[in-house]
Amino acid sequence: MPLTEPKLLEIMPNARTQAGVFISALNTAMARHQINSPKRIAAFLAQIGHESGQLRYVRELGGDQYLSKYDTGTLAIRLGNTPEADGDGQRYRGRGLIQITGRDNYRRCSLGLFGDERLLTLPQLLEQPQWAAESAAWFWELNGLNELADRDQFNIITRRINGGLNGLQERLQLWARARAVLCLPSA
């Protein structure tokens with residue numbers, strides 16, 4: 001069930017022209033990763049809508065000070081970045097529509113999408129519409145989020161993506177709009 005640009009704009013009105021930029025990439029990625037029912041599509045679009053500021057951001061915002069949390073310390077090590085202050089935080093900042101973050105996640109995503117480690121040397125590929133959408137759909141499928149979407153387990157999906165419930169109100173609003181546009185009853 002391909003999504004149309006007008007329907008995408010009903011769900012994410014702030015996407016504006018980005019809806020046209022992403023519609024084909026989203027349809028391809030969703031089909032490839034079994035995001036193929038109204039429930040799955042609605043939950044997926046709500047989550048990427050929040051994570052990407054309604055398709056406006058494919059690269060995590062923040063300056064050096066903010067991104068330093070990914071460069072040194074416990075979080076950096078957990079993400080597979082080196083413990084030295086060497087720029088890993090900036091290099092492997094969140095990218096794509098679901099914000100793949102950290103060297104280990106870039107490596108896994110690269111192997112999943114390309115069968116090699118090219119994202120370690122070309123992390124900015126995840127800023128291109130095709131790979132921004134593919135990386136999000138890859139993450140979605142890898143983490144079993146289709147099955148959770150089938151059961152309306154939206155808060156659990158949010159935790160798997162975000163580690164918590166950050167931005168839950170906006171995510172829920174996007175989910176409600178997506179459900180309405182895709183003709184699903186409210187959850």
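Begin the tour at the largest pocket of this predicted model, which has a volume of about 790 Å³. To find its middle, select Glu51, Tyr70, Gln99, Thr101 and Ile161, since of the 30 residues that line the largest pocket these are the closest to its centre. Next, colour the lining by class, and you will have twelve nonpolar, nine polar and nine charged residues in view.

Now show the helices around the pocket. At least two residues of the lining come from each of α3, α5 (74-78), α7 (103-114), α9 and α11. Which helix gives the largest share of the lining? Select α11, for that helix supplies four residues, the largest share of the lining of the largest pocket.

With the helices still on display, turn to the aromatic rings. A search of the whole structure finds four aromatic pairs, and this tour stops at two of them. Select Phe44 and Trp140 for one of these pairs, whose arrangement is edge-to-face, with 5.3 Å from centre to centre and 85° between the planes. Follow the chain from one partner to the other and you will see that the pair links distant parts of the chain, because Phe44 sits in helix α3 (residues 38-51) and Trp140 in helix α9 (residues 129-142), 96 residues apart. Both Phe44 and Trp140 are buried.

Then select Phe154 and Trp175, an aromatic pair that is stacked, with its ring centres 4.4 Å apart and an angle of 10° between the planes. This pair also links distant parts of the chain, with Phe154 in helix α11 (residues 154-162), Trp175 in helix α12 (residues 168-181), and their positions 21 residues apart in the numbering. Are these two residues buried or exposed? Phe154 has a relative accessibility of 3%, so it counts as buried, and Trp175, at 9% relative accessibility, counts as buried too, because the cut-off for buried is under 20%.

Finally, zoom out until the whole chain is visible. A cartoon view shows twelve helices and zero strands, so that, read along the sequence, one α element follows another in the pattern α-α-α-α-α-α-α-α-α-α-α-α. The radius of gyration of the chain is 16 Å, close to the 16 Å that the globule rule gives for 187 residues, and the chain is therefore as compact as a globular protein of that length. Along the principal axes, the C-alpha atoms fill a box of roughly 50 × 30 × 30 Å. If you colour by burial, buried residues make up 49% of the 187 residues. Among contacts between residues at least 6 apart in sequence, 58% join residues at least 24 apart.

How values were computed. Residues numbered from 1 in each chain as written. Predicted model: local features only at pLDDT ≥ 70, side-chain atom pairs only at ≥ 80, totals over all residues. Heavy atoms only, no water. Phe/Tyr/Trp six-rings, centres within 6.5 Å; stacked < 30°, edge-to-face > 60°. Buried < 20%, exposed > 50% of the residue type's maximum accessible area, 1.4 Å probe, protein only. 1 Å grid on protein atoms, 1.4 Å probe; cavity = no way out; pocket = protein on both sides within 12 Å on 5 of 7 lines; lining within 4 Å. Points joined across faces, edges and corners; volume = space filled by probe spheres on them. Nonpolar A, V, L, I, M, F, W, Y, C, P; charged D, E, K, R; others polar. Rg over C-alpha atoms; globule rule 2.2 N^0.38 Å. Contact = heavy atoms within 4.5 Å.
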